[in-house]
Amino acid sequence: MDQFKEIRPYHDEEVRPVIDGLLDTPDFINSIAGFALPTLYRYAPRIARFLTEKKLRKQLKHVDSVSSMQSVIAVYMDEMIERTAPRLTHSGLEKLSKDKSYLFVSNHRDIAMDPAFVNYMLYHAGFDTVRIAIGDNLLKRPFVNDLMRLNKSFIVMRSLKGRELLKSSKLLSEYIHHCIETGHNVWIAQREGRAKDGVDKTDTALLKMLSMAKRSEGFSGSLNALNIVPVSISYEVDPCDAMKADELYQKAEKGSFQKDDQSDINSIVTGMIGFKGHVHVAFGDEIKLESDDAEEAAQIIDDQVLANYQLQATNYAALYKLMALCPEQVPELKLPKAESDLRSQESVIAFEKRLAEIPENQRLYFLRMYANPVIRRFASTS
(Lines give C-alpha, C1' and ligand atoms only; values in the text may rest on other atoms or scores of the structure.)
Protein backbone atom coordinates (compact mmCIF):
# COMPACT_ATOMS: atom_id res chain seq x y z
CA MET A 1 0.00 0.00 0.00
CA ASP A 2 1.08 3.59 -0.66
CA GLN A 3 1.12 4.90 2.91
CA PHE A 4 2.19 8.40 1.83
CA LYS A 5 -0.37 8.83 -0.97
CA GLU A 6 -2.30 11.65 0.71
CA ILE A 7 0.74 13.87 1.32
CA ARG A 8 3.46 12.98 -1.19
CA PRO A 9 4.18 14.64 -4.57
CA TYR A 10 2.60 13.02 -7.59
CA HIS A 11 4.37 10.10 -9.26
CA ASP A 12 5.16 10.01 -12.98
CA GLU A 13 2.11 7.95 -13.88
CA GLU A 14 -0.16 10.46 -12.10
CA VAL A 15 1.18 13.57 -13.80
CA ARG A 16 -0.72 13.45 -17.10
CA PRO A 17 -4.17 12.76 -15.60
CA VAL A 18 -3.68 15.58 -13.08
CA ILE A 19 -2.64 18.02 -15.81
CA ASP A 20 -5.64 17.07 -17.95
CA GLY A 21 -7.88 17.66 -14.95
CA LEU A 22 -6.34 21.08 -14.31
CA LEU A 23 -6.80 22.15 -17.92
CA ASP A 24 -10.52 21.34 -17.58
CA THR A 25 -10.84 23.32 -14.32
CA PRO A 26 -12.27 26.85 -14.84
CA ASP A 27 -10.93 28.06 -11.46
CA PHE A 28 -7.39 27.13 -12.52
CA ILE A 29 -7.67 28.77 -15.95
CA ASN A 30 -9.18 31.93 -14.43
CA SER A 31 -6.39 32.22 -11.87
CA ILE A 32 -3.62 31.76 -14.43
CA ALA A 33 -5.28 34.19 -16.84
CA GLY A 34 -5.61 36.81 -14.10
CA PHE A 35 -1.96 36.36 -13.19
CA ALA A 36 -0.50 36.20 -16.72
CA LEU A 37 -2.81 38.68 -18.48
CA PRO A 38 -4.14 40.98 -15.72
CA THR A 39 -5.22 43.91 -17.89
CA LEU A 40 -6.86 41.80 -20.60
CA TYR A 41 -8.53 39.65 -17.94
CA ARG A 42 -10.00 42.74 -16.31
CA TYR A 43 -11.58 44.09 -19.49
CA ALA A 44 -12.05 40.97 -21.64
CA PRO A 45 -12.01 37.91 -19.37
CA ARG A 46 -13.36 35.49 -21.97
CA ILE A 47 -10.56 36.34 -24.41
CA ALA A 48 -7.96 36.13 -21.65
CA ARG A 49 -9.26 32.72 -20.58
CA PHE A 50 -9.26 31.46 -24.20
CA LEU A 51 -5.69 32.61 -24.85
CA THR A 52 -4.46 31.25 -21.52
CA GLU A 53 -6.00 27.82 -21.99
CA LYS A 54 -4.68 27.59 -25.56
CA LYS A 55 -1.15 28.46 -24.45
CA LEU A 56 -1.22 26.09 -21.47
CA ARG A 57 -2.45 23.16 -23.55
CA LYS A 58 0.38 23.75 -26.02
CA GLN A 59 3.05 24.09 -23.31
CA LEU A 60 1.88 21.06 -21.37
CA LYS A 61 1.04 18.85 -24.34
CA HIS A 62 4.03 16.53 -23.94
CA VAL A 63 4.38 16.64 -20.14
CA ASP A 64 3.97 13.12 -18.80
CA SER A 65 6.45 12.87 -15.92
CA VAL A 66 7.74 14.77 -12.89
CA SER A 67 10.99 15.64 -14.66
CA SER A 68 9.24 16.99 -17.78
CA MET A 69 6.92 19.05 -15.57
CA GLN A 70 9.93 20.43 -13.68
CA SER A 71 11.55 21.36 -16.99
CA VAL A 72 8.53 23.47 -17.94
CA ILE A 73 8.40 25.11 -14.52
CA ALA A 74 12.17 25.72 -14.51
CA VAL A 75 11.95 27.89 -17.64
CA TYR A 76 9.43 30.22 -15.99
CA MET A 77 11.10 30.24 -12.58
CA ASP A 78 14.55 30.92 -14.00
CA GLU A 79 13.21 33.81 -16.06
CA MET A 80 11.35 35.24 -13.07
CA ILE A 81 14.29 34.83 -10.72
CA GLU A 82 16.75 36.46 -13.10
CA ARG A 83 14.34 39.33 -13.79
CA THR A 84 13.49 40.10 -10.16
CA ALA A 85 16.85 39.25 -8.57
CA PRO A 86 19.52 40.78 -10.83
CA ARG A 87 22.32 39.69 -8.52
CA LEU A 88 22.36 36.06 -7.37
CA THR A 89 25.13 34.61 -5.22
CA HIS A 90 25.66 31.45 -3.22
CA SER A 91 28.13 29.84 -0.85
CA GLY A 92 28.73 26.39 0.59
CA LEU A 93 27.66 24.30 -2.41
CA GLU A 94 31.16 22.85 -2.66
CA LYS A 95 30.59 21.11 0.69
CA LEU A 96 27.68 19.05 -0.66
CA SER A 97 28.08 15.63 -2.23
CA LYS A 98 26.07 14.58 -5.29
CA ASP A 99 26.15 11.03 -3.93
CA LYS A 100 24.21 12.02 -0.82
CA SER A 101 20.71 13.30 -0.05
CA TYR A 102 20.11 16.14 2.38
CA LEU A 103 17.39 17.70 4.46
CA PHE A 104 17.84 21.44 3.99
CA VAL A 105 16.47 23.24 7.06
CA SER A 106 16.06 26.83 5.93
CA ASN A 107 15.22 30.19 7.36
CA HIS A 108 11.88 31.34 5.98
CA ARG A 109 11.21 34.76 4.47
CA ASP A 110 9.10 34.02 1.39
CA ILE A 111 6.43 31.35 0.86
CA ALA A 112 7.32 30.30 -2.68
CA MET A 113 10.71 31.86 -3.41
CA ASP A 114 12.76 30.42 -0.52
CA PRO A 115 12.63 26.85 -1.87
CA ALA A 116 12.71 28.22 -5.44
CA PHE A 117 16.07 29.91 -4.84
CA VAL A 118 17.46 26.78 -3.17
CA ASN A 119 16.28 24.75 -6.18
CA TYR A 120 17.78 27.27 -8.60
CA MET A 121 21.21 26.99 -6.98
CA LEU A 122 21.08 23.20 -6.74
CA TYR A 123 19.76 22.67 -10.26
CA HIS A 124 22.37 24.86 -11.92
CA ALA A 125 25.14 23.19 -9.93
CA GLY A 126 24.06 19.74 -11.12
CA PHE A 127 22.32 18.57 -7.94
CA ASP A 128 18.88 16.99 -7.70
CA THR A 129 16.13 19.49 -6.86
CA VAL A 130 14.31 19.30 -3.54
CA ARG A 131 10.99 17.94 -2.42
CA ILE A 132 9.28 20.86 -0.70
CA ALA A 133 7.32 20.84 2.56
CA ILE A 134 4.22 23.06 2.25
CA GLY A 135 1.50 23.67 4.82
CA ASP A 136 -2.08 22.66 4.03
CA ASN A 137 -3.17 26.19 5.04
CA LEU A 138 -1.86 27.32 1.64
CA LEU A 139 -3.85 24.71 -0.26
CA LYS A 140 -7.42 25.87 0.26
CA ARG A 141 -8.22 25.60 -3.43
CA PRO A 142 -7.97 22.09 -4.94
CA PHE A 143 -6.08 23.19 -8.04
CA VAL A 144 -3.34 24.76 -5.86
CA ASN A 145 -2.91 21.39 -4.14
CA ASP A 146 -2.48 19.74 -7.53
CA LEU A 147 -0.04 22.37 -8.78
CA MET A 148 2.16 22.08 -5.71
CA ARG A 149 2.24 18.30 -5.79
CA LEU A 150 3.13 18.37 -9.49
CA ASN A 151 6.16 20.46 -8.49
CA LYS A 152 7.58 17.98 -5.96
CA SER A 153 5.79 19.45 -2.92
CA PHE A 154 4.46 17.35 -0.07
CA ILE A 155 1.79 18.35 2.41
CA VAL A 156 2.27 19.28 6.06
CA MET A 157 -1.11 18.89 7.79
CA ARG A 158 -1.24 21.87 10.13
CA SER A 159 -5.01 22.08 10.54
CA LEU A 160 -5.36 18.85 12.53
CA LYS A 161 -5.67 18.57 16.31
CA GLY A 162 -5.00 16.03 19.05
CA ARG A 163 -4.45 12.42 18.06
CA GLU A 164 -4.93 13.15 14.37
CA LEU A 165 -2.13 15.71 14.49
CA LEU A 166 0.16 13.26 16.28
CA LYS A 167 -0.59 10.56 13.71
CA SER A 168 -0.02 12.99 10.86
CA SER A 169 3.28 14.21 12.36
CA LYS A 170 4.59 10.66 12.60
CA LEU A 171 3.60 9.98 8.99
CA LEU A 172 5.32 13.19 7.89
CA SER A 173 8.48 12.21 9.76
CA GLU A 174 8.43 8.77 8.16
CA TYR A 175 7.98 10.33 4.73
CA ILE A 176 10.93 12.71 5.12
CA HIS A 177 13.16 9.86 6.31
CA HIS A 178 11.90 7.79 3.36
CA CYS A 179 12.91 10.60 0.96
CA ILE A 180 16.45 10.80 2.32
CA GLU A 181 16.84 7.01 2.34
CA THR A 182 15.69 6.74 -1.29
CA GLY A 183 17.99 9.49 -2.60
CA HIS A 184 15.79 12.60 -2.62
CA ASN A 185 16.72 16.02 -1.23
CA VAL A 186 14.13 17.76 0.96
CA TRP A 187 13.52 21.42 1.87
CA ILE A 188 11.68 22.45 5.02
CA ALA A 189 11.40 25.77 6.85
CA GLN A 190 12.96 25.98 10.32
CA ARG A 191 9.58 26.93 11.77
CA GLU A 192 5.94 27.29 10.77
CA GLY A 193 5.32 30.61 9.07
CA ARG A 194 7.71 33.24 7.75
CA ALA A 195 10.04 35.18 10.04
CA LYS A 196 8.24 38.45 9.41
CA ASP A 197 10.30 40.32 12.03
CA GLY A 198 13.64 39.19 10.59
CA VAL A 199 14.43 36.94 13.55
CA ASP A 200 15.28 33.44 12.33
CA LYS A 201 14.68 30.79 15.02
CA THR A 202 14.30 27.01 14.71
CA ASP A 203 11.20 25.56 16.34
CA THR A 204 12.05 22.60 18.58
CA ALA A 205 8.63 21.12 17.70
CA LEU A 206 9.88 20.74 14.13
CA LEU A 207 12.96 18.84 15.28
CA LYS A 208 10.91 16.59 17.55
CA MET A 209 8.61 15.81 14.62
CA LEU A 210 11.60 14.92 12.44
CA SER A 211 12.87 12.51 15.08
CA MET A 212 9.60 10.58 15.43
CA ALA A 213 10.26 8.11 12.61
CA LYS A 214 13.30 6.51 14.27
CA ARG A 215 12.72 6.81 17.97
CA SER A 216 14.66 3.61 18.58
CA GLU A 217 17.82 5.44 17.47
CA GLY A 218 17.22 8.31 19.87
CA PHE A 219 16.62 11.97 19.06
CA SER A 220 20.14 12.71 17.84
CA GLY A 221 20.47 9.44 15.92
CA SER A 222 17.18 10.00 14.12
CA LEU A 223 18.11 13.55 13.12
CA ASN A 224 21.65 12.60 12.10
CA ALA A 225 20.17 10.06 9.67
CA LEU A 226 18.59 12.98 7.77
CA ASN A 227 21.90 14.64 6.83
CA ILE A 228 20.62 18.05 7.94
CA VAL A 229 22.20 21.11 6.30
CA PRO A 230 21.10 24.56 7.57
CA VAL A 231 20.40 27.11 4.81
CA SER A 232 20.37 30.90 5.06
CA ILE A 233 18.57 32.95 2.41
CA SER A 234 18.93 36.73 2.44
CA TYR A 235 17.07 39.23 0.28
CA GLU A 236 18.27 42.78 -0.33
CA VAL A 237 14.60 43.73 -0.77
CA ASP A 238 11.66 41.75 0.58
CA PRO A 239 8.76 42.28 -1.86
CA CYS A 240 6.30 41.50 0.94
CA ASP A 241 7.88 43.91 3.47
CA ALA A 242 4.95 46.36 3.49
CA MET A 243 2.42 43.56 4.07
CA LYS A 244 4.58 42.11 6.85
CA ALA A 245 4.94 45.51 8.54
CA ASP A 246 1.16 45.93 8.47
CA GLU A 247 0.65 42.50 10.02
CA LEU A 248 3.26 43.12 12.74
CA TYR A 249 1.68 46.50 13.53
CA GLN A 250 -1.84 45.10 13.77
CA LYS A 251 -0.74 42.23 16.01
CA ALA A 252 1.17 44.58 18.32
CA GLU A 253 -1.35 47.40 18.46
CA LYS A 254 -4.67 45.57 18.04
CA GLY A 255 -3.82 42.13 19.38
CA SER A 256 -4.53 40.18 16.21
CA PHE A 257 -4.30 40.14 12.44
CA GLN A 258 -7.13 38.68 10.40
CA LYS A 259 -6.19 37.07 7.10
CA ASP A 260 -8.73 36.89 4.30
CA ASP A 261 -9.02 34.21 1.60
CA GLN A 262 -6.63 36.11 -0.67
CA SER A 263 -3.89 36.93 1.89
CA ASP A 264 -1.65 33.94 1.22
CA ILE A 265 -2.18 34.05 -2.56
CA ASN A 266 -1.32 37.78 -2.55
CA SER A 267 1.84 37.05 -0.57
CA ILE A 268 2.86 34.26 -2.94
CA VAL A 269 2.30 36.36 -6.09
CA THR A 270 3.93 39.49 -4.61
CA GLY A 271 6.93 37.46 -3.50
CA MET A 272 7.30 35.89 -6.93
CA ILE A 273 6.98 38.93 -9.17
CA GLY A 274 8.35 41.62 -6.82
CA PHE A 275 11.88 43.06 -7.07
CA LYS A 276 14.35 41.40 -4.69
CA GLY A 277 17.70 42.92 -5.63
CA HIS A 278 20.65 40.88 -4.40
CA VAL A 279 19.73 37.41 -3.14
CA HIS A 280 22.28 35.17 -1.44
CA VAL A 281 21.75 31.47 -0.64
CA ALA A 282 24.22 30.04 1.88
CA PHE A 283 24.47 26.29 2.43
CA GLY A 284 25.92 25.47 5.84
CA ASP A 285 27.76 22.45 7.20
CA GLU A 286 25.97 19.16 7.72
CA ILE A 287 25.22 18.91 11.42
CA LYS A 288 26.11 15.92 13.57
CA LEU A 289 24.35 15.93 16.92
CA GLU A 290 25.82 14.28 19.99
CA SER A 291 23.07 15.27 22.40
CA ASP A 292 19.35 14.42 22.59
CA ASP A 293 18.58 17.95 23.76
CA ALA A 294 16.16 19.57 21.27
CA GLU A 295 16.99 23.10 22.44
CA GLU A 296 20.68 22.44 21.86
CA ALA A 297 19.98 21.05 18.38
CA ALA A 298 17.89 24.11 17.50
CA GLN A 299 20.68 26.39 18.69
CA ILE A 300 23.23 24.59 16.50
CA ILE A 301 21.03 25.21 13.45
CA ASP A 302 20.32 28.81 14.48
CA ASP A 303 24.03 29.57 14.94
CA GLN A 304 24.75 28.45 11.37
CA VAL A 305 21.75 30.26 9.89
CA LEU A 306 22.79 33.50 11.59
CA ALA A 307 26.53 33.18 10.85
CA ASN A 308 25.95 32.36 7.17
CA TYR A 309 23.25 34.97 6.58
CA GLN A 310 24.70 37.56 4.20
CA LEU A 311 23.85 40.99 5.53
CA GLN A 312 22.69 43.37 2.82
CA ALA A 313 23.01 47.12 2.39
CA THR A 314 19.31 47.44 3.25
CA ASN A 315 19.93 45.75 6.62
CA TYR A 316 22.45 48.44 7.53
CA ALA A 317 20.35 51.27 6.11
CA ALA A 318 17.48 50.13 8.35
CA LEU A 319 19.75 49.79 11.37
CA TYR A 320 21.11 53.34 11.15
CA LYS A 321 17.66 54.75 10.52
CA LEU A 322 16.33 52.87 13.54
CA MET A 323 19.24 54.14 15.66
CA ALA A 324 18.41 57.70 14.64
CA LEU A 325 14.67 57.41 15.31
CA CYS A 326 14.60 55.12 18.38
CA PRO A 327 18.10 54.59 19.79
CA GLU A 328 16.60 52.92 22.88
CA GLN A 329 15.43 50.03 20.67
CA VAL A 330 18.95 49.18 19.52
CA PRO A 331 21.27 47.39 21.97
CA GLU A 332 25.00 48.04 22.09
CA LEU A 333 26.55 46.62 18.93
CA LYS A 334 30.10 45.57 18.16
CA LEU A 335 30.11 46.50 14.49
CA PRO A 336 33.38 45.87 12.64
CA LYS A 337 34.43 48.99 10.70
CA ALA A 338 34.13 47.19 7.38
CA GLU A 339 30.56 46.25 8.23
CA SER A 340 29.56 49.71 9.43
CA ASP A 341 30.72 51.20 6.13
CA LEU A 342 28.57 48.82 4.06
CA ARG A 343 26.15 51.47 2.86
CA SER A 344 26.26 52.61 -0.74
CA GLN A 345 24.55 55.94 -1.35
CA GLU A 346 22.38 54.34 -4.04
CA SER A 347 21.05 51.63 -1.70
CA VAL A 348 20.36 54.15 1.08
CA ILE A 349 18.37 56.40 -1.27
CA ALA A 350 16.37 53.44 -2.60
CA PHE A 351 15.65 52.21 0.92
CA GLU A 352 14.59 55.68 2.12
CA LYS A 353 12.17 55.89 -0.81
CA ARG A 354 10.72 52.50 0.08
CA LEU A 355 10.40 53.50 3.74
CA ALA A 356 8.56 56.69 2.80
CA GLU A 357 5.79 54.62 1.21
CA ILE A 358 5.11 52.79 4.49
CA PRO A 359 2.42 54.30 6.76
CA GLU A 360 4.15 56.26 9.51
CA ASN A 361 2.71 54.14 12.34
CA GLN A 362 4.18 50.99 10.74
CA ARG A 363 7.69 52.25 9.96
CA LEU A 364 9.37 51.00 13.13
CA TYR A 365 8.13 47.48 12.40
CA PHE A 366 9.41 47.84 8.85
CA LEU A 367 12.83 49.02 10.06
CA ARG A 368 13.20 46.31 12.70
CA MET A 369 12.37 43.66 10.09
CA TYR A 370 15.47 44.66 8.13
CA ALA A 371 17.66 45.68 11.08
CA ASN A 372 17.20 42.58 13.26
CA PRO A 373 19.66 40.36 11.35
CA VAL A 374 22.43 42.94 12.01
CA ILE A 375 21.39 43.37 15.64
CA ARG A 376 21.39 39.63 16.26
CA ARG A 377 24.78 39.21 14.58
CA PHE A 378 26.60 41.99 16.43
CA ALA A 379 24.73 42.54 19.69
CA SER A 380 27.21 42.80 22.56
CA THR A 381 26.95 39.96 25.05
CA SER A 382 29.23 41.59 27.63
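## Cavities

Helices α13 (294-308) and α17 each supply at least two residues of the lining of the second largest cavity in this structure, which is a predicted model. The space inside the second largest cavity amounts to about 40 Å³, and its lining is made up of Arg-109, Gly-198, Asp-200, Val-305, Leu-306, Tyr-309, Pro-373 and Arg-376. By residue class, that lining of the second largest cavity consists of four nonpolar, one polar and three charged residues.

In the whole structure, a search finds two cavities of 30 Å³ or more, and the largest cavity has a volume of about 90 Å³. Around the largest cavity stand Arg-109, Ala-195, Gly-198, Tyr-235, Asp-238, Lys-244, Tyr-309, Asn-315, Met-369, Tyr-370 and Pro-373, and helix α17 (residues 363-378) contributes the largest share of this lining, with three residues. Six of the lining residues of the largest cavity are nonpolar, two are polar and three are charged. Arg-109, Gly-198, Tyr-309 and Pro-373 appear in the lining of the largest cavity and also in that of the second largest cavity.

## Strand β6 and its partners

Strand β6 (residues 228-235) is largely enclosed by the rest of the structure, because eight of its eight residues are buried. The burial extends to both faces of β6, with Ile-228, Pro-230, Ser-232 and Ser-234 on one side and Val-229, Val-231, Ile-233 and Tyr-235 on the other. Tyr-235, a residue of the second of these groups, is also one of the residues that line the largest cavity.

Two strands that pair with β6 can be described in turn. Strand β2 (residues 103-106) runs parallel to β6 and is joined to it by four bridges, with Val-105 standing opposite Pro-230 in β6. Strand β7 (residues 278-283), by contrast, pairs with β6 in the antiparallel sense over five bridges, and here Tyr-235 stands opposite Val-279 in β7.

## Strand β2

Strand β2 is likewise covered on both faces, since Leu-103 and Val-105 on one side and Phe-104 and Ser-106 on the other are all buried. Besides its pairing with β6, β2 pairs with strand β5 (residues 185-189) in the parallel sense over four bridges, and in that pairing Ser-106 stands opposite Ala-189 in β5.

## The second largest pocket

The second largest pocket has a volume of about 220 Å³, and its lining is formed by Glu-236, Val-237, Phe-275, Thr-314, Glu-346, Ser-347, Ala-350, Phe-351, Lys-353, Arg-354 and Glu-357. Helix α16 (residues 345-356) gives the most to this lining, with six residues. Within the lining of the second largest pocket, four residues are nonpolar, two are polar and five are charged.

## Cysteines

A search of the whole structure finds zero disulfides. A disulfide is a covalent bond between the sulfur atoms of two cysteines. Two cysteines may be considered individually: Cys-240 has a relative accessibility of 0% and therefore counts as buried, while Cys-326, at 11% relative accessibility, also counts as buried.

## Buried residues in helices α10 and α12

Ser-220 is found in helix α10 (residues 218-224), and its relative accessible area of 12% places this serine among buried residues, for which the cut-off is under 20%. When neighbours within four places in sequence are left aside, Ser-220 is in contact with Leu-289, Ser-291 and Asp-292.

Ile-268 lies in helix α12 (residues 263-273) and is buried, with a relative accessible area of 18%, a value to be read against the cut-off of under 20%. With neighbours within four places in sequence again left aside, Ile-268 is in contact with Ile-111 and Ala-112. Ile-268 and Asp-238 are separated by 30 residues in sequence and by 12 Å in space, C-alpha to C-alpha, and Asp-238 is itself one of the residues that line the largest cavity.

Key
Residues numbered from 1 in each chain as written. Predicted model: local features only at pLDDT ≥ 70, side-chain atom pairs only at ≥ 80, totals over all residues. Heavy atoms only, no water. Buried < 20%, exposed > 50% of the residue type's maximum accessible area, 1.4 Å probe, protein only. Pairing = 2+ DSSP bridges. 1 Å grid on protein atoms, 1.4 Å probe; cavity = no way out; pocket = protein on both sides within 12 Å on 5 of 7 lines; lining within 4 Å. Points joined across faces, edges and corners; volume = space filled by probe spheres on them. Nonpolar A, V, L, I, M, F, W, Y, C, P; charged D, E, K, R; others polar. Disulfide = S-S within 2.5 Å. Contact = heavy atoms within 4.5 Å.
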